[in-house]
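Hi everyone, thanks for coming. I've got one structure to walk you through today, so have a look at it while I talk.

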Amino acid sequence: MSKLFNLFLAAILTVGIFSSAAFADSAKGQKIYIKELKPACGFDGGVMAKKHTQAEWKAIQDAGKLNEEMIKQCPEAKPLKDTYIEHVFDFLHFYASDSGNVPAC
């Protein structure tokens with residue numbers, strides 16, 4: 001019975017660890033943008049997100065060039081940490097020019 005409980009507990013912990021890392025959060029991406037990019041860019045996240053459509057942001061992310069695009073748009077910005085990329089992408093994709101959404105930053 002104890003082995004079964006330990007196996008069940010390990011399965012729950014594994015699912016919990018992988019599920020939290022696998023889901024990006026646009027609200028967290030917005031906070032990261034405000035903290036890390038807005039001062040260097042000089043404009044808010046809505047302006048940045050509207051620079052591309054959702055399909056264009058997706059293509060940039062799929063090519064692994066989101067950091068390069070951020071530096072291209074904001075030459076004074078530092079590259080984002082790898083752990084921030086998915087969240088910032090989710091924010092930019094959610095508020096892209098063809099999304100109809102408007103961020104509050």
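Let's start at Ile-71, which you'll find in helix 5, the stretch covering residues 66-73. Keep in mind that what you're looking at is a predicted model. So, is Ile-71 buried, exposed or partly exposed? It has a relative accessible area of 28%, so it goes down as partly exposed; to be called buried, a residue has to be under 20%. What does Ile-71 touch, if we skip residues up to four places away in sequence? The answer is Ala-77, Lys-78 and Pro-79. Here's another way to place Ile-71: go 30 residues along the sequence and you get to Cys-41, and the two C-alpha atoms sit 9.3 Å apart in space.

Hold on to Cys-41, since it leads us to the next residue. Cys-41 is one of the residues that Met-48 touches. Met-48 itself is in helix 3, which takes in residues 45-49. How accessible is Met-48? Its relative accessibility is 0%, so Met-48 counts as buried. And what's around it? Leaving out residues up to four places away in sequence, Met-48 is in contact with Tyr-33, Cys-41, Phe-43, Trp-57, Met-70, Gln-73, Cys-74 and Leu-92. If you want to trace a pair on the screen, try Met-48 and Ser-97: they're 49 residues apart along the chain, with 9.4 Å between their C-alpha atoms.

One more residue, and that's Gln-61. Look for Gln-61 in helix 4, residues 54-62. Buried or exposed, what would you guess for Gln-61? The relative accessible area is 14%, and because that falls under the 20% cut-off, Gln-61 is buried. Its contacts, again without residues up to four places away in sequence, are Leu-66, Ile-85, Glu-86 and Phe-89.

Okay, let's zoom out to the whole chain. How many helices and strands does the chain have? There are six helices and zero strands, so if you read the elements from the N terminus you just get α-α-α-α-α-α. The chain has 105 residues, and 33% of them count as buried. Both Met-48 and Gln-61 belong to the buried group.

Now the contacts. Take those between residues at least 6 apart in sequence: 66% of them join residues at least 24 apart. And finally the surface: the chain has an accessible surface of about 6800 Å², with 62% of that belonging to carbon and sulfur atoms.

That's my tour, happy to take questions.

How values were computed:
Residues numbered from 1 in each chain as written. Predicted model: local features only at pLDDT ≥ 70, side-chain atom pairs only at ≥ 80, totals over all residues. Heavy atoms only, no water. Helix = DSSP H or I, 4+ residues; strand = E, 2+ residues; numbered from the N terminus. Buried < 20%, exposed > 50% of the residue type's maximum accessible area, 1.4 Å probe, protein only. Contact = heavy atoms within 4.5 Å. Areas by Shrake-Rupley, 256 points an atom, 1.4 Å probe, with all protein chains shown as cover.
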